[in-house]
Amino acid sequence: MTELFPDLVLFNGRISTQDSSAAEVSALAARDGKVLATGDDAAVLALRGPSTTVVDLQGRRAIPGLNDSHLHLIRGGLNFNLELRWDGVPSLADALRMLAEQAKRTPAPQWVRVVGGWSEFQFAERRMPTLAEVNAAAPDTPVFILHLYDRAILNAAALRAVGYTKDTPDPPGGEIQRDKQGNPTGILIARPNAMILYATLAKGPKLSPSDQINSTRHFMRELNRLGITSVIDAGGGFQNYPDDYAVVEDLHRRGEMTVRVAYNLFTQKPKGEYEDFARWTSMTSPGAGSDFYRMNGAGEMLVFSAADFEDFLEPRPDLNPSMEDELHRVVKLLAEQRWPFRLHATYNESISRFLDVFERVDRDVPFAGLRWFFDHAETVTEQNLERIKTLGGGIAIQHRMAFQGEYFVDRYGAEAATQTPPISKMLSMGIPVGAGTDATRVASFNPWVSLYWLVSGRTVGGLALYPEANRVDRETALRLYTQGSAWMSGEDQTKGRLAVGQLADVAVLSADYFSVPEHEIKGLQSVLTVVGGKIVYANGPFSNLAPKPLPVSPDWSPVGTYGGYYNGIPAALQTRNTVQQAHGTTSHDLFHRIAGCVEGAIYEPFWGTGCSCWAF
């Protein structure tokens with residue numbers, strides 16, 4: 001009988017397994033995509049064979065691969081190479097410089113798009129860009145800048161491209177801001193919903209199919225760089241099934257996915273939601289697919305009348321009186337077909353009405369183990385948490401408050417913000433909770449910013465939102481990002497722990513998550529990411545193990561210069577040698593020129609350069 005050896009062995013590490021039988025080990029072996037063994041170095045190294053890849057972790061911390069419970073990977077991947085990301089950029093001056101540089105290299109008729117993931121409170125200047133600044137930075141190239149769910153900034157060239165004039169009427173639920181003569185200024189306001197923002201963004205040119213494939217692969221690689229190995233895709237506006245899923249399905253067939261995706265189906269037709277779900281329940285079923293790409297159920301939009309997008313600059317919207325009957329019809333269908341579902345829900349007032357519908361359905365078609373959950377639930381009360389628990393539901397939380405906590409405090413007060421959302425109460429009640437980001441159009445996709453928010457209770461601008469009673473320790477926060485999220489896709493028996501038989505998904509970190517100062521959590525990255533026992537990303541001391549680099553297409557893409565989440569210096573200048581050769585100076589000196597460090601600003605260390613002023 002031929003002995004089966006591991007495909008991969010990791011040793012000399014501090015591996016947090018999140019497995020109760022052995023919480024920390026020094027070595028792990030993987031075979032056929034799953035964990036074969038964990039234990040001490042001697043025992044695991046004894047399993048290796050002649051073709052086993054053996055990696056010395058050099059004492060580094062390793063964790064189960066992170067799993068974002070709510071990330072719009074499919075839509076985000078189709079557009080990633082189009083987008084100039086301001087995620088983590090330390091100053092508005094930097095952001096505008098990047099915008100001006102990208103406008104010069106972007107060919108007509110393409111736009112420069114800054115689509116979420118940032119807040120003015122992250123900037124040293126602590127303010128938004130003005131229309132005059134945006135027009136000065138890009139006088140000729142269309143620019144679209146999305147700010148959370150509340151507004152978008154279009155320069156004059158973008159207004160011409162979308163055709164908004166004095167005669168263009170305001171769409172339902174949105175406002176085209178105008179000057180005294182009635183001409184559009186370039187500010188679009190969601191009042192009360194974000195449809196005007198997304199509909200305008202959809203007017204821009206798309207990437208070609210081949211570039212969309214490249215874009216999706218680069219987005220997955222960026223997530224791998226941050227230690228993400230799985231996501232649950234919550235669907236999204238202008239993400240039509242099955243057409244807009246073709247790219248990720250093609251990557252799945254070709255074996256080129258480096259992030260596992262469990263996807264939800266998101267209806268696109270107001271007043272036609274039931275027909276969408278009736279058709280889809282005859283086309284596919286939950287669990288269809290593989291460990292890399294599988295169908296997860298319905299949502300996060302179930303009916304348009306239930307949309308309560310949070311915009312804390314505006315009063316809470318009242319949902320349409322038709323919501324209950326429309327939602328009941330859809331949820332009853334899903335319960336009858338045994339389809340798991342998720343529902344976007346920001347405000348407790350909305351959640352109360354949703355639960356009335358769910359309880360009504362449950363009386364006729366018992367949920368009885370049907371996996372369902374709310375997304376967000378920022379202002380949910382203890383009374384409604386009890387109702388959620390009784391119906392067997394869960395809650396997927398995201399760090400949206402880290403990006404707009406200041407707005408919430410201004411409108412509702414600091415006391416109300418202390419339990420927004422009430423994470424500790426959810427956990428103490430035994431409700432399943434998974435963590436994520438809701439990237440890419442509101443919060444950033446960086447999981448370490450989210451983990452920092454969970455542990456510190458602070459916004460990206462440094463505002464302390466939560467008392468200690470509503471913060472969680474580092475181990476619990478990590479568990480929400482692994483085992484907690486796995487519950488949301490019904491995969492808690494196959495992922496979330498590094499235990500024998502579980503999927504071999506691992507992130508080896510740039511520093512020890514459990515011991516670095518709290519403020520440094522948001523600066524962590526992965527230096528070695530393993531998905532299914534295969535190395536999909538490597539950097540720093542493990543660069544020799546990195547997969548072959550993938551060129552960026554089109555060649556003018558912002559990703560080719562700036563990468564994704566702000567990394568201190570442009571992507572093309574990531575190594576000390578390249579920096580010194582290109583500029584005849586040290587990377588520390590160059591960083592100061594690029595990052596524009598300002599007197600008195602608080603910045604964090606940039607991993608790998610020794611610079612002391614890299615800001616998130």
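Colleague: In which sense do strand β1 (residues 8-11) and β6 pair?

Modeller: This is a predicted model, where local features need pLDDT of at least 70, side-chain atom pairs count only at pLDDT 80 or more, and totals for chains, interfaces and linings use all residues. Residues are numbered from 1 along each chain as its sequence is written, and side-chain values use heavy atoms, without hydrogens and water. Strands are DSSP runs of E (at least two residues), numbered from the N terminus, and two of them pair if DSSP finds at least two bridges between them. β1 and β6 have four bridges, and the sense is parallel.

Colleague: Which residue of β6 is the bridge partner of V9?

Modeller: Look along β6, residues 53-56. There, V9 finds its bridge partner in V54.

Colleague: Which strands are the edges of the four-strand sheet?

Modeller: Its order is β5-β4-β1-β6, in an open sheet with mixed pairing. An edge strand here pairs on one side only. That description fits β5 (34-39) and β6 (53-56).

Colleague: What is the strand order in the five-strand sheet?

Modeller: This sheet is open too, and its pairing is mixed. β9 (112-115) and β12 (174-178) are its edge strands. From one edge to the other, the order is β9-β10-β11-β13-β12.

Colleague: Do strand β10 (residues 143-147) and strand β11 (residues 151-154) run parallel or antiparallel?

Modeller: Four bridges join β10 and β11. One bridge partner pair is H147 with R151 of β11. The sense of the pairing is antiparallel.

Colleague: By how many degrees are neighbouring strands of the five-strand sheet turned against each other on average?

Modeller: Axes are lines fitted to C-alpha atoms, and angles run from 0 to 180 degrees between N-to-C directions. Direction is ignored for this average. In this sheet the value is 15 degrees.

Colleague: Are α9 and α10 roughly parallel or roughly antiparallel to each other?

Modeller: Helices are DSSP runs of H or I, at least four residues. The axes of α9 (residues 273-283) and α10 (residues 323-337), fitted over the stretch in contact, come within 9 Å and cross at roughly 10 degrees. Angles under 35 degrees count as roughly parallel, over 145 as roughly antiparallel, 65 to 115 as roughly perpendicular and the rest as oblique. The two helices are therefore roughly parallel.

Colleague: Which residues of α10 make the contact with α9?

Modeller: Contact means heavy atoms within 4.5 Å. From α9 come E273, Y274, E275, F277, A278 and T281. From α10 come R329, V330, L333, L334 and Q337.
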